[in-house]
Amino acid sequence: ESRYKHVCELTRLGAKIKVESKLISNDGRSFKFEVTAYDNAGMIANGTHNRVSVKSEKFQKKADEKFE
């Protein structure tokens with residue numbers, strides 16, 4: 001799950017964007033990150049991004065079975 005709020009209405013086409021993330025919580029296999037994006041004029045967006053760690057072999061097996 002990702003939730004972001006745009007705090008700047010526009011960014012110039014072709015502008016370089018810098019994104020920073022910081023781990024703010026960890027509960028077993030769940031990770032929550034704070035994410036902030038910047039262009040040359042300052043912050044353009046911020047929010048959170050949640051991830052869950054999975055076992056790659058188990059995940060791949062489920063994915064393969066889906067297409068059999």
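Two strands count as paired if DSSP finds at least two bridges between them, and the strands themselves are DSSP runs (E, at least two residues), numbered from the N terminus. With that in hand, let's walk through this predicted model, where local features need pLDDT of at least 70, side-chain atom pairs count only at pLDDT 80 or more, and totals for chains, interfaces and linings use all residues. Residues are numbered from 1 along each chain as its sequence is written, and side-chain values use heavy atoms, with hydrogens and water left out.

Start with the sheet. It is an open one of 4 strands, in the order β1-β4-β3-β2, with antiparallel pairing. β1 (2–6) and β2 sit at the edges with a single partner strand each, so one side of each has no neighbour in the sheet. From one strand to the next, the twist averages 15° (axes are lines fitted to C-alpha atoms, and angles run from 0 to 180 degrees between N-to-C directions). As a reminder, strands of a sheet pair through backbone hydrogen bonds, either parallel or antiparallel.

Now go through the pairs. Strand β2 (residues 18–27) runs antiparallel to strand β3 (residues 30–39), with 9 bridges between them. To find the register, look at Val19, whose bridge partner in β3 is Ala37, and at Glu20, which is partnered by Thr36 in β3. The β2 and β3 hairpin has 2 residues between its strands, and Gly28 takes a positive phi there, near 70°.

On to the next pairing: β3 and strand β4 (residues 42–52) are antiparallel too, over 10 bridges. They also make a hairpin, again with 2 residues between the strands. Here Phe31 stands opposite Arg51 in β4. β4 also pairs with β1, in the antiparallel sense and over 5 bridges; in that pair, Lys5 has Asn46 of β4 as its bridge partner.

Asp39, in strand β3, deserves a pause. What is the nearest side chain of opposite charge to Asp39? It is Arg12, 8.1 Å away, and Asp39 is buried yet has no salt bridge. Buried here means under 20% relative accessible area, with exposed over 50% and partly exposed in between (1.4 Å probe, protein chains only). For charge, Lys and Arg count as positive and Asp and Glu as negative, while His and the chain ends are not counted. A salt bridge needs a side-chain nitrogen of Lys or Arg within 4 Å of a carboxyl oxygen of Asp or Glu. What the side chain of Asp39 does reach is the backbone nitrogen of Ala41, at 2.9 Å. Setting aside neighbours within four places in sequence, Asp39 is in contact (heavy atoms within 4.5 Å) with Leu10, Thr11, Lys16, Ile17 and Ile44.

Elsewhere, charges do pair up: the structure holds 2 salt bridges. One joins Glu1 and Arg3, with the closest N and O atoms 2.7 Å apart. Glu1 counts as exposed because its relative accessibility is 54%, and Arg3 counts as exposed at 56%. In the other, the side chains of Glu20 and Lys18 meet at 3.2 Å, N to O. Glu20 is partly exposed, with a relative accessible area of 36%, and Lys18 is partly exposed as well, at 49% relative accessibility.

Terms used
Polar contact = N/O pair within 3.5 Å; in protein donor to acceptor, adjacent residues only side chain to side chain.
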